[in-house]
Amino acid sequence: MEYDFKEIESRWQRHWRERGTYRVAVDPSRPKYYVLDMFPYPSGAGLHVGHPLGYIASDIYSRYKRQCGYNVLHPMGFDAFGLPAEQYAIQTGQHPAVTTEQNIARYREQLDKIGFSYDWDREVRTCDPAYYKWTQWAFLRMFGHYYDNTLQQARPVEELVARFARSGTEGIDAACTTQMRFTADEWNDWTEQRREQVLQNYRLAFRADTMVNWCPQLGTVLANDEVKEGLSVRGGYPVEQRRMKQWLLRVTAYAQRMLDGLDRLAWSESLKEIQRNWIGRSEGAQVFFPIQGRDEKLEIFTTRPDTIFGVTFMVIAPEHEWLGQLTAPENRAAVEAYVEQTKRRSERERIAETKRVSGVATGAFAVNPFTGKAIPIYVSDYVLAGYGTGAIMAVPAHDARDYAFARHFGLEIVPVVEGGDITEASYDAKTGRLINSDFLDGLDVKEAIPRMLAEIERRRLGRRLVNYRLRDAIFSRQRYWGEPFPIYYRDDIARPLDDDRLPLELPPVENFGPTEQGEPPLARVKNWATPEGWPYELSTMPGFAGSSAYYLRYMDPHNDRALVGREADAYWRNVDLYVGGIEHATGHLMYSRFWNMFLYDLGVVCEQEPFLKLVNQGMIQGRSNFVYRVVGTNRFVSAGLKEGYRTQEIHVDVNMVRNDLLDLEAFRAWRPEFRDAEFILEEGKYVCGWAIEKMSKSMYNVVNPDRIVERYGADTLRMYEMFLGPIEQSKPWDTNGIDGVHKFLRRFWRLFFDREGNFAVSAEPATEKELKTLHKTIRKVREDIKNFSFNTSVAAFMICLNELGECNKRDVLEPLTALLAPFAPHVAEELWHRLGHTETVCDAPFPQYEERYLVESAFEYPVSVNGKLRFRKQYPLDMTPAAIQSDIVQSPEALRWLDGKAPKKVIVVPGKIINIVV
């Protein structure tokens, strides 16, 4: 009976759907396991074969845990808000909701064909008002809370207001934008507007002026990863730095907790290190430098206060709020031109370009508080407004960028740590003795730092400070397709909507672009206001808003009274296994951790961390194919013959290529200009060239998984994607090897049937050798699944079948079917039922191996004659070397090589090798 994968897969997918096989509920009688994929943005292009890689891995693990007796939560949904759908709406007039719905339907169709064990009853879509009600709800809770550094916990803003009214800022240690000092009398005398300005300094969700990546053509703020080389990734439009009033989340309040929490997570060390570096904890000093002729003092943060005697100039960011005040009239034109130039470069680019030196003197001078010398203040783009204070003290003798800047502008370089030659480069060592530093001279750096910190505080020039590189997250975008803010304005004060008015739904609009005045699209909506007439916020939330707590909503998706109910949260707790790309290390993963810790403080969730174990899947790269057109003709020469011609290399659609052989008729039909193409063939075939590149439509190397499923079946696709290589590594897609996996499944199928196609599984007991092969495979696959080494599991299945030969015994095939089920669920389900089972193979106990079948009783020795391997012979492991020596020289195999000669010596290394010396 032939393996009809199309019929089998469609029938069982329908069966699982109708029976609710993957539906899951809270069940305290069983241990839980929560497996989650990073949900996709539903793009118009649909899935290519690279997308399911992580999904297949997590599905194998989910099925494995279920077969091990766990109650497995494995949901899926869609991160449905996004700029691409909005840009398409601007171009075509089609509402983003329509585009998104169509794209989701396409994704769902593709995902269903691959046979994933998702509980679709729990599906979430971030653009669904029933879902984003809870995103808005969480935002309002952040708006209504501040972070108490003493308690290390979010607390209601009402508590802060009461403390202000009672004793002002005395005794308050709270996360804030700017340190403030005022009395209770001052607070009580202030107007409501002034009080709210102060509270915005403390709220966890707040409005402030901040530097953003502004794209005029798109009419919105872009995240750093949406900008490349000064242009928007989407559309390639110019992007500039602009100061705008934006909503932000005070992520920095949780910096230390997020840092400490990494030690409790089963994440790769490389990923943890990325987050540690992004959080960027550093200990140092806040120091204030007087400005000549002004009352203000320039604040800096430094981790090397011991080098203050070596400060010879200062640099402020182009966005620094004092730049205009500090710039001398004669320098103003040059400074303004420089600032305008800087606007076209993203912060990421400014950080990366370490060799580029640029800047302009402001004409202002600061005073080194320890040397008393006047030092010039420059503006340069290597200083960022969002990092630290937006100003630095420059120590050119001991910092490479400061050194390059000083050499470029001819500024003084004073060494304060001995041991380096500063005539050619800075001496950046963190050890050595201090020189040219007054009371620090002779001290080692480690001794000098605490001494200087004490002196700074004694002279009241600043204080010890822990600083973080992490910045608060900009939380608003000037576009339509996103969550509306549940905020309205009365008397120019941002006020929260009551919970009973949630969700605040996106209103319909006819034009999805910004207004002529540059306002967000929601400004076009008539009566975008409360019933009382107070205007709503015009911006919408960013892409990461909906993905920051979606894992919680999966636990309890139909609860209309809470984000997640206490019973569901107490049972599912957090994600046991999270699978997704490492590109989210400093975005989504950081925001979700912040969001979860905040909800933990409120008692909404019972775990501080959202994701216990994280696996980052690699990328499946495209294997591009090329044809070679003879220049000036419509003739195409095969790859092996192209050296004899002057050719032009052209990407060709890989879907018309198989095993690097071009389908000539499909190529002629591909484009009108190729209709009359002629070919110079090799042995009657056109062989294409190939290269490994990023999978991209522009390179015609995108492989649609639907085509693979249609040709080979979903089980083949699943096993082949795992067979390509370790899950964490990037690897090329290459269909040249897929036939081997498909043949394995056909061969496995045939073990269950006789030559006439009748089901013919034998009740005959398995032999010791067959049981040994079976249990060896069970052990290998179990270990591989636990280690996510799915590629070697697939290899183990193939080896198993080779060793079993034509074995058709139930004792072997039944456990082997259950073992294969997580990898190839369709064929396993079919064969499981043919074996007489009525329950789904999804609940078949995952096979256990028995050690007694794995104990080796014999060893096959490699036998060498005069050092050359000649044959192999098996002996019992308990056989003595003397007995082996006596037997081996009498064996027919040895006699052939001895050729009548008596051996001089026979060397036996037990369990390893036999060597006969003639």
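A polar contact is a pair of N or O atoms within 3.5 Å; within protein, one must be able to donate a hydrogen and the other to accept it, and residues adjacent in sequence count only if both atoms are side-chain atoms. His48 offers an example: its side chain reaches the backbone nitrogen of Gly50 at 2.9 Å.

This is a predicted model, where local features need pLDDT of at least 70, side-chain atom pairs count only at pLDDT 80 or more, and totals for chains, interfaces and linings use all residues. Residues are numbered from 1 along each chain as its sequence is written, and side-chain values use heavy atoms, with hydrogens and water left out.

His48 sits in the loop between strand E1 (32–37) and helix H2 (52–67). Helices (H or I, at least four residues) and strands (E, at least two) are DSSP runs, numbered from the N terminus. His48 is buried, at a relative accessible area of 15%. Buried means under 20% (1.4 Å probe, protein chains only). Beyond its neighbours within four places in sequence, His48 touches Met695, Val702, Val703 and Pro705. Contact here means heavy atoms within 4.5 Å.

Now the sheet. Three strands form an open, antiparallel sheet in the order E11-E10-E16. Strands pair if DSSP finds at least two bridges between them. E11 and E16 stand at the edges with a single partner strand each, so one side of each has no neighbour in the sheet.

| Strand | Residues |
|---|---|
| E11 | 297–302 |
| E10 | 281–290 |
| E16 | 462–468 |

Seven bridges join E10 to E16. Ala285 has Arg464 in E16 as its bridge partner.

How values were computed. Buried means under 20% relative accessible area, exposed over 50%, partly exposed in between (1.4 Å probe, protein chains only).
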